[in-house]
Amino acid sequence: MARANREMGAAVAGIEGPEAANGREPAAAAGLRGFSREELHGLLADMLLYRRFEEKAEEAYAIGRIGGFCHLHIGQEGLAAGAIGPLRGDDLVITAYREHTQAIAKGIAPRAVMAELYGRATGCSGGRGGSMHLFDTTVGFYGGHGIVGGQIPLGAGLAWAIRYRGGDQICICFMGDAAVNQGAFLESLNMSAVWRLPVIYVVENNGYGMGTAFARVSATEMEARSGAYGIPAHTVDGQDVLETYRFFEELAGRVRGGAGPQFVNAITYRFRGHSMSDPVSGTYRSREEVESQVEERDPVAILRERLMEAGLLTRGELEALDAEARAACEDAAEFADASPLPDPATLYDHVYAEINPHGRLFLDGRPGAPTGGRARVDGGGRHG
Amino acid sequence: MAEITYREALNAAMCQEMDRDDSVFLLGEEVAEYDGAYKVSRGMLARYGDRRVVDSPISELGFAGLCVGAAMAGLRPICEFMTFNFSILALDQVINSAAKMLYMTNGQIPIPIVFRGPTGAALQLSAQHSQACETYYVHAPGVKLATPATPADAKGLLAAAIRDDDPVAVMEGELLYNVRGEVPDEEYVIPLGVADLKRSGDDVSIITHGKMVHVALQAARTLAREEIEADVLDLRSLRPLDADAILRTVAKTNRVVYLEEGWPYAGVGAQIVSLIQDEAFDDLDSPVLRVTQADVPMPYAKNLEQLAKPGVKAVVEACRKALYTAGTPA
């Protein structure tokens with residue numbers, strides 16, 4: 001529920017705490033897993049924020065405000081709220097390229113995420129990263145990586161650094177289901193097990209790697225993928241955010257306590273196409289399949305209905321929460337729209353952290369390229 | 001100043017830096033219990049323990065990526081590749097992660113990592129174990145590359161690479177590890193981007209890097225017998241590139257041969273030729289020539305291997321051609 005992040009002062013949308021619970025007792029542990037009414041409203045607020053944010057991004061993409069590849073998380077929000085929510089502020093998250101809501105869940109402000117999608121200087125990556133490369137190390141969010149599986153060894157390395165320094169943080173490394181067929185996954189699992197790294201590998205299993213169903217290109221089941229390395233495999237219903245939250249809360253605690261690497265197969269479903277250029281349904285999955293998932297397995301609707309059935313959420317409260325989520329996303333888009341483009345003078349900034357005082361780092365000979373301390377010899381001139 | 005081997009000089013650089021900074025660690029295949037496939041890390045496991053000197057599985061993509069991840073979190077890994085041939089497996093992490101991270105993050109995440117190991121051919125190791133990998137690395141903005149040719153340069157450049165806040169590849173040579181030379185005993189760092197004139201002459205410039213420096217010096221000695229005096233400029237690092245030193249030697253001799261171990265197509269020499277024609281065209285009295293490996297995979301048979309490698313004879317002939325004294329152009 002991004003609670004910890006909010007407490008850290010990170011600006012996660014302006015969602016106010018709910019009013020007093022009209023004398024009602026906190027929900028029974030059985031049905032609602034021991035969450036207080038306030039916590040449940042917080043989770044719902046987060047889920048609504050993620051949903052509305054992606055809808056706003058979709059709209060902005062359609063009118064050309066956002067360019068390039070853009071992969072929406074709609075349908076998978078339970079894994080932003082449920083897996084990242086229980087983490088500590090100083091825990092680390094690294095993920096692939098369907099990561100807008102995960103970035104927000106870890107504590108990056110919706111404004112900074114939207115501005116990044118818009119390619120603006122105020123974006124969380126200064127407009128240099130875009131949709132697939134959101135970063136903010138101050139909240140422990142390490143991207144945003146575009147090569148399938150490329151973030152997995154990096155996640156192992158973040159966990160390696162935690163262990164090297166004797167810290168008690170953990171790292172969550174998300175990936176899509178298709179990433180487990182990359183060599184990088186197998187190599188990383190092996191090393192993580194050998195070195196007992198504090199990392200949880202989470203597969204957001206939406207059933208399809210782009211347009212290819214997992215089973216069509218995979219010789220074994222998802223749950224079998226970590227056993228060869230002695231890493232425990234877990235399955236969680238990612239559409240049930242309450243279950244997901246409690247599950248990760250417990251697992252994070254165990255990994256923090258030294259349980260070693262874990263592998264989680266989180267079942268979810270993508271309600272939109274792979275990216276903006278992919279229709280919601282068509283060649284590789286039927287309209288009926290998508291419709292039934294949207295109808296029956298929407299993580300936002302599941303939580304909402306459960307709260308209403310339990311009498312923990314009124315129609316008015318829901319409308320208020322949703323209005324806040326929409327307003328936050330509207331505000332993010334307005335902020336992005338009003339933000340400046342990156343300064344052209346910064347084109348060469350941040351290629352290198354250290355501009356060595358000798359020699360040329362840039363060989364394109366363009367004006368503006370840093371020269372490393374010595375004056376450039378002007379083109380065509382003789383060297384004196 | 002003691003005379004030690006190139007191998008010992010690399011070891012000394014790593015120890016020098018690990019002594020002063022706990023965030024530096026060495027990870028790679030066979031680096032710990034085996035003392036390094038080429039014994040470069042001899043004794044380091046005993047000295048630093050298995051927290052900081054770590055044997056990896058044979059998983060180049062995985063352990064290179066793990067090291068990059070550790071660097072993302074602020075550590076300073078020395079990632080050893082048994083040879084850079086094997087690092088081709090890891091290029092996704094080198095190029096897509098290490099090289100681009102700082103830029104994609106708008107300066108939030110520097111990657112202070114060293115990738116090191118031997119590059120280029122040794123003797124009769126055939127196609128997959130005999131290739132110069134410089135261009136794969138130097139091609140990508142975000143990466144720096146040093147190529148020490150002597151023991152002193154090995155210590156100074158590796159130390160500089162470890163202290164640098166960016167990804168630096170340090171490319172060594174299997175045939176260099178036993179080369180002996182004087183190396184400062186005290187703390188020693190050679191800044192990246194400073195070429196070294198290994199020999200001075202007025203007639204022709206042989207510009208080169210890495211192991212080929214020794215071939216260039218041999219060629220220069222041969223040419224001296226014909227009263228042709230060659231400047232031998234060792235670039236020492238290819239990024240940053242000491243363009244000033246290149247332009248100086250061009251202005252001095254007006255004739256240039258670039259010598260490298262790699263293939264010609266889009267090779268290091270191609271970049272140097274471009275630089276010279278762009279910025280010192282009027283200084284040239286003849287076309288800049290290149291001596292490279294033959295444009296073929298490295299063959300195994302001794303005679304074919306000799307033919308494929310850039311050698312002293314080819315360099316001498318190229319220099320004569322640059323001076324228009326050649327009977328038999330290269």
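**Exercise 1. Work out how the lining of the largest pocket in this predicted model divides by residue class, and what sits around its centre.**

Start with the classes: the lining splits into 11 nonpolar, 13 polar and five charged residues. Next, get the volume, which comes out at about 500 Å³ for this largest pocket. Then look towards the middle: of the 29 lining residues, Y97(A), R98(A), V148(A), M210(A) and H274(A) are the closest to the centre. Finally, check the secondary structure: the elements that give two or more residues to the lining are β3 (171-176) and β5 (208-209) of chain A.

**Exercise 2. Decide whether α3(A) and α9(A) are roughly parallel or roughly perpendicular, and find the residues through which they meet.**

Step one is to locate the helices: α3 covers residues 37-62 of chain A and α9 covers residues 241-256 of chain A. Step two is the geometry, with an angle of about 110 degrees and axes 11 Å apart. Step three is the cut-off: angles of 65 to 115 degrees count as roughly perpendicular. So α3(A) and α9(A) are roughly perpendicular to each other. Now for the contact itself: from α3(A) come L40(A), L43(A) and M47(A), and they meet V241(A), L242(A) and Y245(A) of α9(A). Sort that contact by class and you get six nonpolar, no polar and no charged residues.

**Exercise 3. Place A193(A): which element is it in, is it buried or exposed, and what does it touch?**

First, the element: A193(A) belongs to helix α8 (residues 183-194) of chain A. Second, its relative accessibility is 25%, so A193(A) counts as partly exposed. Third, leaving out residues up to four places away in sequence, A193(A) touches Y229(A), I231(A) and P261(A). As an extra, try F362(A): it is 169 residues from A193(A) in sequence, and their C-alpha atoms are 41 Å apart.

**Exercise 4. Track down the backbone oddities listed below and say where each one sits.**

- Take the G143(A) to G144(A) peptide bond: it is cis, with omega near 20 degrees. G144(A) is in strand β2 (residues 141-144) of chain A.
- Over in chain B, the bond from R239(B) to P240(B) is cis too, with omega near -5 degrees. P240(B) sits in the loop between β12 (237-239) and α8 (243-253) of chain B.
- D35(B) isn't a glycine, yet its phi is positive, near 70 degrees. Look for D35(B) in the loop between β2 (24-28) and α2 (44-48) of chain B. With 22% relative accessibility, D35(B) counts as partly exposed.
- N106(B), also not a glycine, has a positive phi of about 60 degrees. Its loop runs between α4 (91-104) and β5 (114-118) of chain B. N106(B) has a relative accessible area of 25%, so it is partly exposed.

Note on methods. Residues numbered from 1 in each chain as written. Chains lettered and ligands numbered in written order. Predicted model: local features only at pLDDT ≥ 70, side-chain atom pairs only at ≥ 80, totals over all residues. Heavy atoms only, no water. Axes fitted to C-alpha atoms, helices over the stretch in contact; angles between N-to-C directions. Helix = DSSP H or I, 4+ residues; strand = E, 2+ residues; numbered from the N terminus. Parallel < 35°, antiparallel > 145°, perpendicular 65-115°, else oblique. Contact = heavy atoms within 4.5 Å. Nonpolar A, V, L, I, M, F, W, Y, C, P; charged D, E, K, R; others polar. 1 Å grid on protein atoms, 1.4 Å probe; cavity = no way out; pocket = protein on both sides within 12 Å on 5 of 7 lines; lining within 4 Å. Points joined across faces, edges and corners; volume = space filled by probe spheres on them. Buried < 20%, exposed > 50% of the residue type's maximum accessible area, 1.4 Å probe, protein only.
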